[in-house]
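Colleague: I would like to learn how to read a model like this one, feature by feature. Could we begin with the strands?

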Amino acid sequence: MTIEIHIITYNEQIMLPFTIAHYKRMFHEPTIIVHDNNSTDDTVAIAEKEGCTIIPFSTDGMNDTVHRMIKSDTAMNATADWVLVIDCDEECMIDDMDLQDLESRGVTAVHFSGYDIFDKCES
């Protein structure tokens, strides 16, 4: 079973190592592809060091339309058995065994629900 993890990034040098480590723990030999929006920090260097493929793209700031297009195009053009397309701060709690179980039941797509977690700091 082949798995591709597509991570959309912009200046994610702090979060990216945790995200990559999470998916390397969850899946046996995933292919990790980083779609980078012209990061000005060490995001690309970290991704390269971790053996990720880098696909650069450019928008003027955050652009949800472009993000949706990347997610849609990636899913439509996938060649792996399973494809996850995520933002850098998303950790899906699913692993190889879960995907094998889903596959055995004929499931071809999974919708994840998430939580917004934030810290309210008073200054």
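Modeller: Strands of a sheet pair through backbone hydrogen bonds, in either a parallel or an antiparallel way. In this predicted model, four strands make up an open sheet, ordered β3-β2-β1-β4, with parallel pairing.

Colleague: Which strands stand at the edges of the sheet?

Modeller: β3 (53–57) and β4 (82–87) do. Each has a single partner strand, so one side of each has no neighbour in the sheet. On average, neighbouring strands of the sheet are turned by 20° against each other, direction ignored.

Colleague: How many bridges join β1 and β2?

Modeller: Six bridges, in the parallel sense, pair β1 with strand β2 (residues 31–37). To find one of them in the viewer, start from I5, whose bridge partner in β2 is I32.

Colleague: Let us take a single residue next. Where does H6 lie, and is H6 buried or exposed?

Modeller: H6 lies in strand β1, which covers residues 3–9. Its relative accessible area is 5%, and because buried means under 20%, H6 counts as buried.

Colleague: What does the side chain of H6 join by a polar contact?

Modeller: The side chain of H35, at 2.8 Å.

Colleague: Which residues is H6 in contact with, leaving aside neighbours within four places in sequence?

Modeller: With that exclusion, H6 is in contact with I33, H35, T74, V83, L84, V85 and I86. H35 therefore appears both in this list and as the polar contact partner of the H6 side chain.

Colleague: Now the cysteines. How many disulfides does the count come to?

Modeller: A disulfide is a covalent bond between the sulfur atoms of two cysteines. To be counted, the two sulfur atoms must be within 2.5 Å. By this rule the count is zero.

Colleague: Why is there no bond from C52?

Modeller: The closest cysteine sulfur to that of C52 is in C88, and at 9.9 Å it is too far for a bond. Starting from C88 gives the matching result, because its closest cysteine sulfur is in C52, 9.9 Å away.

Colleague: Is C52 buried or exposed, and is C88 buried or exposed?

Modeller: C52 is buried, at a relative accessible area of 9%. C88 is buried too, at 1%.

Colleague: Last, the confidence. Where in the chain is confidence lowest, and where is it highest?

Modeller: Confidence is lowest in helix α3 (residues 64–76), with a mean of 82, and highest in helix α2 (residues 43–49), at 98. The chain averages a pLDDT of 88, and 90% of the residues score at least 70.

How values were computed. Residues numbered from 1 in each chain as written. Predicted model: local features only at pLDDT ≥ 70, side-chain atom pairs only at ≥ 80, totals over all residues. Heavy atoms only, no water. Buried < 20%, exposed > 50% of the residue type's maximum accessible area, 1.4 Å probe, protein only. Helix = DSSP H or I, 4+ residues; strand = E, 2+ residues; numbered from the N terminus. Polar contact = N/O pair within 3.5 Å; in protein donor to acceptor, adjacent residues only side chain to side chain. Contact = heavy atoms within 4.5 Å. Pairing = 2+ DSSP bridges. Axes fitted to C-alpha atoms, helices over the stretch in contact; angles between N-to-C directions. pLDDT = per-residue confidence, 0-100.
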